Amino acid sequence: MAAPVSALESAWQLLIANFTEFQLATVVTFLLHETAFFLSGLPSLLFERFGLFAKYKIQKKSNTSAYQNRCVLRLILYHVCVNLPVMIFSYPAFKFMGLRSSLPLPHWTVVVSQVLFYFVLEDFIFYWGHRALHTKWLYKHVHSVHHEYATPFGLTSEYAHPAEILFLGFATVIGPALTGPHLFTLWLWMVLRVLETVEAHSGYHFPWSPSNFLPLYGGSDFHDYHHRVLYTKSGNYASTFVYMDWLFGTDKDYRKAKAVEENEGKNL
């Protein structure tokens with residue numbers, strides 16, 4: 001007797017019956033990214049624009065509506081002209097490395113272990129790549145674009161020079177390229193990575209922010225410091241976790257600033 005088919009597998013069967021693997025791995029992946037990115041990134045833009053949740057805003061400064069709109073328009077341009085072509089032209093490489101979309105879907109233990117591996121590997125590579133971008137020449141000619149927004153909001157997470165999109169994007173795709181995952185796992189990883197970087201750039205630290213509950217997770221407060229200080233002293237280079245900056249001493253100024261804030265809070 002055949003095993004019962006889950007609702008998820010039934011939905012996946014509809015996808016693979018109506019789209020080719022190339023379409024799913026390129027155009028549908030792009031649309032999924034855009035949906036996750038803009039749906040998760042727009043709230044912090046609106047919070048800032050309308051002064052909502054001001055008590056949880058990390059910086060008191062705010063971007064003007066025109067400056068926010070400029071970010072959104074350039075993001076659409078970069079995504080269509082850089083991200084989408086990269087997805088299309090990288091498909092043969094992913095296919096060669098073992099990407100598949102057929103049923104059955106991978107077991108949840110495989111999905112979880114692969115996604116955890118991707119997070120750890122991405123964080124390690126991102127740390128060193130990001131740190132390199134803060135050297136004088138690379139910062140001036142490449143990374144300074146991302147730092148145009150010293151007061152970040154969610155959508156600024158992917159606002160960057162095209163060269164940086166390719167450079168740091170390598171950290172995101174190297175894990176999946178090494179393991180040759182199922183497309184479902186790749187999609188889950190992409191969505192979680194988008195949610196993580198949008199939260200880190202949101203500019204808001206809420207009581208329910210992930211860093212309040214997840215050990216070693218950096219989050220918005222950790223990364224916001226990186227944006228608001230001089231690039232030579234910013235530190236906090238890792239994308240997701242805090243241990244790389246702790247191990248290599250690039251979070252010392254942040255820790256000192258947090259200690260001062262806590263002491264000032266006690267003296268009020």
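Helices and strands here are runs assigned by DSSP, with at least four residues for a helix and at least two for a strand. On this basis, residues 115-250 of the predicted model are 56% helix and 0% strand. The C-alpha atoms at the two ends of this stretch are 26 Å apart. UniProt, in an unreviewed entry, lists residues 115-250 as "domain: Fatty acid hydroxylase".

The protein as a whole has 10 helices and zero strands. From the N terminus on, the order of elements is therefore α-α-α-α-α-α-α-α-α-α. The radius of gyration is 20 Å, and the globule rule gives 18 Å for 268 residues. The two values are close, so the protein is as compact as a globular protein of that length. Along the principal axes, the C-alpha atoms fill a box of roughly 70 × 40 × 40 Å. Of the 268 residues, 46% count as buried. Among contacts with a separation of 6 or more, 75% join residues 24 or more positions apart.

The unreviewed UniProt entry also carries the annotation "transmembrane region". This annotation covers residues 36-54, 75-94, 106-128 and 165-190. Two of these spans were examined in the model. Residues 36-54 are 79% helix and 0% strand. The end C-alpha atoms of residues 36-54 lie 24 Å apart. Residues 106-128 are 91% helix and 0% strand. For residues 106-128, the end C-alpha atoms lie 32 Å apart.

Pockets were examined next. The largest pocket holds about 1,100 Å³ of space. Its lining comprises 44 residues. Closest to the centre of this pocket are Ile 165, Leu 168, Gly 169, Thr 172 and Val 173. Five elements each give two or more residues to the lining: α2 (21-50), α3 (65-96), α4 (108-133), α6 (162-179) and α7 (183-200). By class, the lining of the largest pocket has 24 nonpolar, 15 polar and five charged residues.

The second largest pocket holds about 540 Å³ of space. It is lined by 23 residues. Nearest its centre lie Leu 195, Glu 196, Glu 199, Pro 210 and Tyr 217. Elements α2, α4 and α7 each give two or more residues to this lining. The largest share comes from α7, with five residues. The lining of the second largest pocket divides into 15 nonpolar, six polar and two charged residues.

Helix α8 spans residues 219-228. Nine of its 10 residues are buried, so α8 is largely enclosed by the rest of the structure. Buried here means a relative accessible area under 20%. The buried residues of α8 are Gly 219, Ser 220, Asp 221, Phe 222, His 223, Asp 224, Tyr 225, His 226 and His 227.

Ser 65 gives a contrasting case. This residue lies in helix α3. Its relative accessible area is 35%, so Ser 65 is partly exposed. Ser 65 and Glu 48 are 17 residues apart in sequence. In space, the C-alpha atoms of Ser 65 and Glu 48 are 9.2 Å apart.

Methods
Residues numbered from 1 in each chain as written. Predicted model: local features only at pLDDT ≥ 70, side-chain atom pairs only at ≥ 80, totals over all residues. Heavy atoms only, no water. UniProt positions renumbered as here; feature names shortened; annotations may be inferred. 1 Å grid on protein atoms, 1.4 Å probe; cavity = no way out; pocket = protein on both sides within 12 Å on 5 of 7 lines; lining within 4 Å. Points joined across faces, edges and corners; volume = space filled by probe spheres on them. Nonpolar A, V, L, I, M, F, W, Y, C, P; charged D, E, K, R; others polar. Rg over C-alpha atoms; globule rule 2.2 N^0.38 Å. Buried < 20%, exposed > 50% of the residue type's maximum accessible area, 1.4 Å probe, protein only. Contact = heavy atoms within 4.5 Å.
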